Amino acid sequence: MHKNMNSIIECYSCGLFIKKEAKKNATFRCPRCNSKLDINKKHSNDSLYYAISSLLLFGILNIYPIITLNINESELKATLIGTVSILLEQNFFFVGLVVFFTIIFAPISNSLIIIFAFIQKKTKIQLFTKTLLHDSFYFFKHWGFIEVFIISIIVTYIKLIGMVSSTKFDIGFYVLLAYIFCFYMSNVKFEGKSVFGE
């Protein structure tokens, strides 16, 4: 028996499926967890702009170092790609591959999928199937741990204070903050139901 799923909305806080109510206002609350739900959420181009911005910032991020250390009058600078290279040079292949996948490959793929989804929706050119885009989007969305990486940098910075001659956050760190903001907003503003027809 065919059911009209357009009248059903899922609460992203607790997972409860709720029947949409005919209200003039665009929001109402989940009866289980009281989270605010947006019924008529529109597909926004903001997600595309944030995705493009995050890719541009990612390119800049690999030019400037994130943190600079001064050890015995020798200056060491660490970039995002440089971090992976150092792990591979030290024979930490598995850790290096995990770091590469979670802080480089997955976030970039997530942004590219958002861009491809917009291209296909606007131009009607089907480069990939909606199912592939849908599954890839949610897979890479959950495997991108760039925010965990920045927390580890801050912890490392705190630990190194007093252990080395000098340590400082370089321009790459602030670019990384802007990148994380754009990356996060591209996912928040992205309305999968409108694009993939979920």
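These legends go with a set of close-up views of one predicted model.

**View 1. The whole chain, before zooming in.**
Start with the fold: the protein chain has seven helices and seven strands. Reading from the N terminus, the elements run β-β-β-β-α-β-β-α-α-α-α-β-α-α. The chain has 198 residues, and buried ones make up 36% of them.

**View 2. A patch of positive charge on the surface.**
Which residues gather in the positively charged patch? They are Lys121, Lys122, Lys124 and Lys130. Lys122 is a handy one to centre on, and you'll find it in helix α3, which covers residues 93-123. Lys122 has a relative accessible area of 56%, so it counts as exposed. Its patch partner Lys130 belongs to the stretch 130-143, which is helix α4.

**View 3. A nonpolar patch on the surface.**
Here the view turns to a surface patch built from nonpolar side chains: Ile119, Ile125, Leu127, Phe128 and Leu132. Together they make about 420 Å² of surface. Ile119, one of the five, lies in helix α3. Is Ile119 buried, partly exposed or exposed? It is partly exposed, because its relative accessible area is 34%, and buried would need a value under 20% while exposed would need one over 50%.

**View 4. Phe116 and Gln126.**
Staying with helix α3, this close-up picks out Phe116, another residue of that helix. Phe116 comes out as partly exposed, its relative accessible area being 27%. How far apart are Phe116 and Gln126 in space? C-alpha to C-alpha the gap is 9.3 Å, with their positions ten residues apart in sequence.

**View 5. Ile146 beside Ile103.**
Now for a residue with no accessible surface to speak of: Ile146 has a relative accessible area of 0%, so it is buried. Ile146 sits in helix α5, a run of residues 146-160. Along the chain, Ile146 and Ile103 are 43 residues apart, yet their C-alpha atoms are separated by 4.7 Å.

**View 6. Ser54 and its distant neighbour in sequence.**
Ser54 is part of helix α1, made of residues 46-61. Its relative accessibility is 0%, which means Ser54 counts as buried. Pair Ser54 with Pro107 and you get 53 residues of separation along the chain, with 9.1 Å between the C-alpha atoms.

**View 7. Phe137 and Asn187.**
This view sits on helix α4 (residues 130-143), where Phe137 has its place. Where does Phe137 fall on the accessibility scale, buried or exposed? Phe137 is buried, because its relative accessibility is 2%. As for its partner, Asn187 is 50 residues away in sequence, while the C-alpha to C-alpha distance from Phe137 is 9.4 Å.

**View 8. A positive phi at Asn91.**
A backbone oddity is up next. Most residues other than glycine have a negative phi. Asn91 isn't a glycine, but its phi is near 65°, a positive value. Asn91 is found in the loop between α2 (80-89) and α3. With a relative accessibility of 55%, Asn91 is on the exposed side, so it clears the over 50% cut-off.

**View 9. Two cysteines and a disulfide search.**
How many disulfides does a search of the whole structure find? The count is zero. The close-up shows Cys30 and Cys33, whose surroundings can be read from their accessibility. Cys30 has a relative accessible area of 3%, so Cys30 is buried. Cys33, at 31% relative accessibility, counts as partly exposed.

Conventions: Residues numbered from 1 in each chain as written. Predicted model: local features only at pLDDT ≥ 70, side-chain atom pairs only at ≥ 80, totals over all residues. Heavy atoms only, no water. Patch = residues over 30% accessible without salt bridge, like charges linked within 9 Å, V, L, I, M, F, W, Y side chains within 5 Å. Areas by Shrake-Rupley, 256 points an atom, 1.4 Å probe, with all protein chains shown as cover. Salt bridge = Lys/Arg side-chain N within 4 Å of Asp/Glu carboxyl O. Lys, Arg positive; Asp, Glu negative; His and termini not counted. Charge placed at Lys NZ, Arg CZ, Asp CG, Glu CD. Helix = DSSP H or I, 4+ residues; strand = E, 2+ residues; numbered from the N terminus. Buried < 20%, exposed > 50% of the residue type's maximum accessible area, 1.4 Å probe, protein only. Disulfide = S-S within 2.5 Å.
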